[in-house]
Number of protein chains: 2
Amino acid sequence: MTDLVLAVDFGGTKIAAALVGGAGDVVRSAQVATPQVDTWDAVADVVGRVLDGEQVAGAGIASAGPVDTAAGTVSPINVPSWREFPLRERVASLVPGVPVELAGDGVCMALGEQWRGAGQSSRFMVGLVVSTGVGGGLVLDGRPFGGRTGNAGHIGHVVVEPDGEPCTCGGRGCVETVAGGPRMVSWASARGWRGADAIALEASARAGDPVALAAFERAGHAVGLAIAATAAVCDLDLAVIGGGVAQAGELLFDPVRRALATHAGLSYLSTLDVRPAVLGGRAGLVGAAALVSGPRPA
Amino acid sequence: MTDLVLAVDFGGTKIAAALVGGAGDVVRSAQVATPQVDTWDAVADVVGRVLDGEQVAGAGIASAGPVDTAAGTVSPINVPSWREFPLRERVASLVPGVPVELAGDGVCMALGEQWRGAGQSSRFMVGLVVSTGVGGGLVLDGRPFGGRTGNAGHIGHVVVEPDGEPCTCGGRGCVETVAGGPRMVSWASARGWRGADAIALEASARAGDPVALAAFERAGHAVGLAIAATAAVCDLDLAVIGGGVAQAGELLFDPVRRALATHAGLSYLSTLDVRPAVLGGRAGLVGAAALVSGPRPA
């Protein structure tokens, strides 16, 4: 019996698929930009390329949300043509007779890092992706935690500035309005910084530009507040942070840690740690595979 | 075989015990003020009075935290003589041969309301006690969720004012610094209100005093922000609020609901509801009993 699992990571920007071994090793993978039309055909095509006739023991799917894990459907915000799209059933049709699991991409990122990445020491952790938006997922007691509908872990929508900017979620002052890359760029631009994107903003911060430094300080503080809230409520001992903005390293992590030093005061949070993600773009695929073949909790 | 369970609710102010039937009915109960010396003797005495020779099927304990549910020990902040006190083992010695379960009092309040109170419609909910402090607990997938150490659900320490007042937890700007009864009184007193306590503050608010009204508005807003964060991260559909400050009814609940209308924008939170707790001081006892005899999740 093979231990290979098909992993699919469906996002608004790209669709990735991989064959993943029982140890979390990516045997082969492929990806394609997400088209707005014939979207399912693109998934089937990339899956067909990585399967290439190989038998698999199951399939795991990470999808941009919202998802409905009970129904097996997905309604990704950035793919308007998919609303309650039956992604689990469709993928199952490509691998008949084996179990197929679906979870949100944030949950899969956290699970991937917990299984094979920076979170291997923890059974209660949150994974964050700080990028264009701020996403995340929870691993509780060693298991992926999707919550009532599969959408738990949306740490990017913890409110950190009650009177802050409107957010795409319909709320205001969410972490994402402060720490999402484009929002950091907007904030800095409104204060006289000149540059194109978050990568340029990072370069300016490294060069000592005070506005760029303040943008990272502010973003890290917001991320730290959201981690403190999540760790207090869910009793966690680890946050793993990945995504493009987190590539800025200590520019982001230093203010995150300062915020935690100030705001994570409860005794059971004394061991709370924050680490950079290590799996990069593969975390979603590895976590999707872990839905099927990852270790069961003790 | 009896379905009676011994329930113990150990708090910094009072110790309560009860015999609880299989339907969550409190058959008889007793309570005593928590003494700072010979504290265990007081527990044993009140337990002996409610047991009165009766056989029980098990015992459930709700305790003020922090708790360590793996070790079965408790270290209640307001009882300095108990540090890592082996409460589970001690209670077990009073009811030999039956299972004994321990959880934090916030978890038990939530579980009690979910089993027999205002939360019966929900399998993913948070219970809050807004009183001197702001405590809470989570029921996830129909089960009590204690997290890594048993202390999950500390919603009172979600930060709602990043530059706010110092909190007893060591952080600052936590919900508790805004919505805890004595903190509301301090805030109003500093703005010219004259009165003794949160009950007087409620009366003033009902009489239209603008400072008292603002204190409740501010407290409800803070509680609403913390519920929004918790519901987004844990994917909940219900918050049940009890405790002395919540007795003020719509004075607190209206601003809670306004905060949620502004800040709980994610699509999967569209059905999020907030309700007053109905079990009052019995919630901890009923929830403690539910640790042993409550319904198992579907």
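Me: How much area is buried between chain A and chain B, and what percentage of it do carbon and sulfur atoms give?
Reply: Happy to start there, and please keep in mind that this is a predicted model. The size of an interface is often given as the accessible area lost when the parts come together. For chain A and chain B, carbon and sulfur atoms give 63% of a buried area of about 3300 Å².

Me: How many residues does each chain bring to that contact?
Reply: Contact here rests on heavy atoms within 4.5 Å. By that rule, the count is 41 residues from chain A and 41 residues from chain B.

Me: Which three residues supply the most area on the side that chain A buries against chain B?
Reply: The top trio accounts for 22% of the area that chain A buries against chain B. No other three residues supply more than A:Arg148, A:Val233 and A:His263.

Me: Do the copies meet through the same surface or through different ones, and why?
Reply: Compare the interface residues of the two chains: 100% of those in chain A are also interface residues in chain B. The copies therefore meet through the same surface.

Me: What operation lays chain A on chain B, and what kind of axis is that?
Reply: Two copies of a chain are related by a rotation about an axis and a shift along it. In this model a turn of 180° with a shift of 0.0 Å along the axis lays chain A on chain B, at an RMSD of 0.0 Å. That is the relation of a two-fold axis.

Me: How many residue pairs are in polar contact between chain A and chain B, and which element of chain A gives the largest share of its side?
Reply: Between the two chains there are 19 residue pairs in polar contact, both residues at pLDDT 80 or more. On the side of chain A that touches chain B, the elements giving two or more residues are strand E9 (134–140), helix H7 (210–234) and helix H8 (250–263). The largest share, 7 residues, comes from H7(A).

Me: How many salt bridges are there between chain A and chain B, and which residue forms one with A:Asp237?
Reply: Side chains of opposite charge can pair when their charged atoms come close. The count between chain A and chain B is 2 salt bridges. In the one formed by A:Asp237, the closest N and O atoms are 3.9 Å apart, and the partner is B:Arg148.

Me: How many salt bridges does the whole structure have, and why does the pair of A:Asp237 and B:Arg148 join two chains?
Reply: Over all chains, the search finds 20 salt bridges. A:Asp237 sits in the loop between H7 and strand E11 (238–242) of chain A, while B:Arg148 sits in the loop between strand E10 (143–145) and helix H4 (175–179) of chain B, so the pair joins two chains.

Me: Now for the domains: how far apart are the centres of domain 1 and domain 2 of chain A?
Reply: Chain A is divided into domain 1 (5–104 + 282–293) and domain 2 (118–278). Taken over C-alpha atoms, their centres are separated by 26 Å.

Me: Which three residues of domain 1 of chain A supply the most area buried against domain 2 of chain A?
Reply: These two domains bury about 330 Å² between them, with 43% of it on carbon and sulfur atoms. On the domain 1 side, 64% of the area is supplied by A:Val67, A:Thr69 and A:Leu291.

Me: How many salt bridges and how many polar contact pairs link domain 1 and domain 2 of chain A?
Reply: Between these domains the salt bridge count is 0. For residue pairs in polar contact, both at pLDDT 80 or more, the number is 2.

Me: Which residues does a cis peptide bond join in chain A, and where does the proline lie?
Reply: Omega is about 0° for the bond between A:Gly65 and A:Pro66. A:Pro66 lies in the loop between strand E4 (59–63) and strand E5 (67–68) of chain A.

Terms used: Residues are numbered from 1 along each chain as its sequence is written. Chains are lettered from A and ligands numbered from 1 in the order in which they are written. This is a predicted model: local features need pLDDT of at least 70, side-chain atom pairs count only at pLDDT 80 or more; totals for chains, interfaces and linings use all residues. Side-chain values use heavy atoms; hydrogens and water are left out. Domain bounds come from an automatic or database domain assignment. Buried area is the accessible area (1.4 Å probe) that two parts lose on being put together, summed over both. A salt bridge is a side-chain nitrogen of Lys or Arg within 4 Å of a carboxyl oxygen of Asp or Glu. A polar contact is a pair of N or O atoms within 3.5 Å; within protein, one must be able to donate a hydrogen and the other to accept it, and residues adjacent in sequence count only if both atoms are side-chain atoms. Helices (H or I, at least four residues) and strands (E, at least two) are DSSP runs, numbered from the N terminus. Copies are superposed by least squares on the C-alpha atoms of residues with pLDDT of at least 70 in both.
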